[in-house]
Structures are given as structure tokens and as C-alpha cells.
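Trainee: I'd like to learn how to read a protein model by eye. Could you walk me through one?

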Amino acid sequence: MTSIDFVVDRNNLHQCKVIETPLPDPAALPAQALLVKVTRFAFTANNITYAVLGDHLKYWQLFPAPAWFGNVPVWGLGEVIASKHPGIATGETLFGYFPMATYLVIEADDVSKRGLRDAAAHRQGVAPVYNAYSRVSGDPAFAGRQGDYQALLRPLFMLSFLVDDFLAENDFFGAKVAMLSSASSKTAYGLAHLLHARNNGIKVIGLTSAGNTSFVTSLGCYDEVVTYDSVTALPANSPVAYVDMAGNTPLRATLHGHFGEQMKYSGIIGLTHRKSSPDDPAQALPGAKPQFFFAPDQIRKRTGELGPAGFNERFVAAWSGFVPNLDRWMKVIEHRGPASVQRAYLDTLNGRVPPDQGLILSLSE
Ligand SMILES: NC(=O)c1ccc[n+]([C@@H]2O[C@H](COP(=O)([O-])OP(=O)(O)OC[C@H]3O[C@@H](n4cnc5c(N)ncnc54)[C@H](OP(=O)(O)O)[C@@H]3O)[C@@H](O)[C@H]2O)c1
């Protein structure tokens, strides 16, 4: 029996390949270890960001790959097929961070009724969320299509939730308009949904490419949709908070130049366009200084203020209000097998996945 891994060249993400390694012998697993079959995982532009920032944010160290290659982390579901941990039975379903692979060995630790942690030495030194697995067997919120929604959107919606909460906490920095780039992305429309639901007079503007305009308009959570080449036609007399999912430095410079001192907040979140230049002369831009929005800091701050239960309660309430839209907003598209996974990866890398699709992949045929 073999295990299949999909790996990418760290220095040229367009180069990728499948490698086969012998499947670990279940009988020879160390004490407490689990052999998990990776059954299905989501793939979006966010996973490409993990690859782009692989060295910088240590994503490459989580799932080892041959020299110069990396295994892109993905959110998904796995089934325990062998267990050397007395508290974990074979057949259990886990939700969490997996490699693009058919199998993963987890060194189970801190096992509780709700979850466990992978204590493998090479996985330490990253944010705890990346090593935590939820035990979700029998949980209807993780079964079937609901499980796909969790894999596709829960990690992204956490960011949407945090930014909405952060803007509200700061009284929108005095802005009357919230403007989101890559408005067609799942992270952006999760945020637009929350901002729209506040119904507090803040206008929500989505910036997108011409080809994605009708999709973004159809969502109904943006008050106005504007293509990238028309942003300078927007009236510049209202204070604006800009939330950048595109990571497009020239676009940011154009917006700051256009809105000037009316740019009250400029948050850097994503890099779907991968057009961020390291020599961004951010200091020189008019208006608020662009700043990175660092989710773990905001989580720490808000769990400190609200308590873990209070924070979780708010997140769950927001998620429950969001999920019912997904049947209308997203078609889940499944691809199985190495060739299909490779195609889906390259399509995502090259921005060829229609925004109304949510890709769920498996390397097993
Ligand atoms: N900082 C954090 O903690 C955090 C958390 C979650 C997400 N994010 C970031 O938010 C961004 C959105 O992620 P997502 O998973 O929600 O994205 P997604 O749903 O896969 O977004 C797809 C959209 O991104 C744009 N896009 C994707 N690839 C492109 C390419 N090669 N060229 C040009 N445009 C491209 C297009 O939008 P337009 O045509 O509308 O531009 C496309 O419709 C990512 O950069 C992600 O890393 C950051």
C-alpha cells in the first residue's frame, strides 16, 4: 500500500507533482499515534496564500516534503484508520488542517471529548489552530454538504467575523463606506454579509474584476459593485475603510490617491492578485497608513475581553446566520484523484475557478 502526496515547487508554484511513499505499517505506529485517511479537503485562493507565504509563516514545516518542494496545507476531514491511542477509536472523523495527501500520521496529544492536538515535533512553533483537530463523528454540522461548507468556509469566515468585529469595535474609524477588494472571494463576501446585516448606514462597496461583477452583484450583500478599472469614478467625498483581500499594491496606491485623507482605514488581509511589491512605499500614501490585519492577535484580544465561551458564542451565531446563504451562493464541485487535484490546484493558482464554485478535493480516486 502506498500514500500519495501532492507537492509543489516552493520557488515556482506552477511546478507540481505527485509522489508515492509506502503507507506506514499500522502495527508499527508509535504509542499514541493515529493513521488518518484524508477523505476530503477544500481548496481556495487562501491555500495559494499559504503556499506564497510558506517560508515566511512556516506553513511548509507542517507537512514535510522532499527538498525544495512543499505540501500545501488544506482544511478538511479525515478518518482514523488505525489508532495507538487508547482514547481514539478507528473510524472516528476528524476536522482540521491536513496535507494534500491520502494519509497523515498524527501524534495525538491533549485528547479531550471535543478534540486533540498533533504533538509532532516539526509541527510546533506555529499558531495552535494549525495543530488542533475537532472530533466530529456523528456531528450533523460536519456531515455531508455541511462538512464541505465547514472545510470551505469556516476558516475564511473566522477572518470575515474578526474584521467585522474589529471595524465595529473601532466605530469604522469614522468611515461611512466599507470597500472590499476581491469582493467575489469567499472571505470578502462573508465579511460583506456581516457588514450588510449590521444595517447601520455603512455602505458596502465590492471591488472586483469585470468577469466577476454579475456574481458579486447577485449576492445581494454589497450595496454597490465596481470594477477595478472604474474605482476612480467613485465619489471621493465620504470617509472610507478599505479591506484589501487582493493584495494589489498598484490598486491600493490608486485608492489612497483617489480618496486621500478620506481613507480612514486601510487593512491588508489577502493577496489573491499576488501583486504586492515588497518595496511598497506605504508611508508615502495619502490617508490612513496601510496595516496588516493579524487574525491571531485579534482572536487573543477578543477572547481576553469576551472569554473563550463568549467569543465562541458570537462566532457560532454569526456562522449560523451565514450558512443558509451558501446553498444559493456556492456550488460545491468535487474532484477526485491526482490528475483532477493537479488541475484544480493550477486552476486556483491561475485564477480560473469561477467564484460561485467551492472545490472539494480528494487524492483518492
Ligand atoms: N489574513 C488572514 O488570516 C486570512 C484569512 C482568510 C483569508 N485570507 C485571504 O483572503 C483572500 C481570499 O481568499 P478566499 O479563499 O476567500 O478566496 P477565493 O474565494 O478562492 O477567491 C477567489 C477570487 O480571488 C480573486 N483571484 C483568485 N485568484 C486570482 C488570480 N490568480 N488572479 C487574479 N485574481 C484572483 C478573484 O476575485 P476578484 O476578481 O473579485 O478579484 C477570484 O474570484 C486570500 O488571499 C486569503 O489568503 C486571509
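Mentor: Let's go from domains to ligand, core, sheets and a few single residues. Keep in mind that this is a predicted model.

Trainee: Fine. Into which domains is the protein chain divided?

Mentor: There's domain 1 (2–142 + 331–362) and domain 2 (156–296). Notice that domain 1 is written as two stretches, 2–142 and 331–362. The C-alpha centres of the two domains lie 31 Å apart. Eight residues from domain 1 and 12 residues from domain 2 make the contact. On the domain 1 side, the touching residues split into four nonpolar, three polar and one charged.

Trainee: And where does the ligand lie relative to domain 1 and domain 2?

Mentor: Look at who supplies the shell. Domain 1 and domain 2 both give residues to the shell around the ligand, so the ligand lies between them.

Trainee: Which residues come nearest to the ligand?

Mentor: Of the 26 residues around the ligand, the nearest are Thr44, Thr49, Ser185, Gly270 and Gly351. Then ask which elements contribute: α1 (45–52), α2 (144–169) and α3 (186–198) each give two or more residues to the shell. The largest share, three residues, is from α1. By class, the shell holds 10 nonpolar, 15 polar and one charged residues.

Trainee: Since α1 keeps coming up, is it enclosed or open?

Mentor: Here's a general idea for helices. An α-helix has 3.6 residues a turn, so residues three or four places apart point the same way. In this model, six of the eight residues of α1 are buried, so the helix is largely enclosed by the rest of the structure. The buried ones are Ala45, Asn46, Asn47, Ile48, Thr49 and Ala51.

Trainee: How should I read a nonpolar core?

Mentor: In soluble globular proteins, nonpolar side chains tend to be buried together. Here, the largest nonpolar core has 97 residues, and Ala178, Leu180 and Ala192 touch the most other members. Helix α2 gives the most to this core, with 11 residues. Domain 1 and domain 2 each supply at least three residues to this core.

Trainee: What is Ala192 in contact with, leaving aside its neighbours within four places in sequence?

Mentor: Ala192 is in contact with Leu180, Ala183, Val204, Gly206, Cys221 and Tyr222. Remember Leu180 and Gly206, as we'll meet that pair again in a sheet.

Trainee: On to sheets, then. What should I look for?

Mentor: Start with strand order, then direction, then edges. In a regular strand the side chains alternate between the two faces of the sheet. This model has an open sheet of six strands, in the order β12-β11-β10-β13-β14-β15, with parallel pairing. Its edge strands are β12 (224–227) and β15 (291–292), each pairing on one side only.

Trainee: How many bridges are there between β10 and β11?

Mentor: Strand β10 (residues 177–180) pairs with β11 over four bridges, in the parallel sense. Leu180 has Gly206 as its bridge partner in β11. Five of the six residues of β11 (residues 203–208) are buried, so this strand is largely enclosed by the rest of the structure. Further along, five bridges join β13 (residues 240–244) to β14 (residues 263–268). There, Tyr242 has Ser266 in β14 as its bridge partner.

Trainee: What does an antiparallel case look like?

Mentor: Try the open sheet of three strands, with the order β2-β1-β4 and antiparallel pairing. Its edges are β2 (12–22) and β4 (69–70). Strand β1 (residues 2–9) is joined to β4 by two bridges, and the bridge partner of Asp9 in β4 is Phe69.

Trainee: Last topic: loops. Is Asn131 buried or exposed?

Mentor: Asn131 sits in the loop between β8 (115–118) and β9 (132–135). It has 21 C-beta neighbours inside 10 Å, so it counts as buried. Leaving aside neighbours within four places in sequence, Asn131 is in contact with Arg117, Asp118, Arg123 and Val126.

Trainee: Which loop residues should I check for backbone angles?

Mentor: Two non-glycine residues with positive phi are worth a look. Lys58, in the loop between α1 and β4, has phi near 65°. With 15 C-beta neighbours inside 10 Å, Lys58 counts as partly exposed. Arg274, in the loop between β14 and β15, has a phi of about 50°. Arg274 is partly exposed too, with 16 other C-beta atoms within 10 Å.

Notes
Residues are numbered from 1 along each chain as its sequence is written. This is a predicted model: local features need pLDDT of at least 70, side-chain atom pairs count only at pLDDT 80 or more; totals for chains, interfaces and linings use all residues. A residue is near a molecule or strand if its C-beta atom, placed from the backbone, lies within 6 Å of it. Ala, Val, Leu, Ile, Met, Phe, Trp, Tyr, Cys and Pro count as nonpolar, Asp, Glu, Lys and Arg as charged, and the others, Gly among them, as polar. Domain bounds come from an automatic or database domain assignment. Two residues are in contact if their C-beta atoms, placed from the backbone, lie within 7 Å. A nonpolar core is a set of buried Ala, Val, Leu, Ile, Met, Phe, Trp, Tyr and Cys residues joined through C-beta atoms within 7 Å. A residue is buried if 20 or more other C-beta atoms lie within 10 Å of its own, exposed if 12 or fewer, and partly exposed in between; C-beta atoms are placed from the backbone. Two strands pair if DSSP finds at least two bridges between them.
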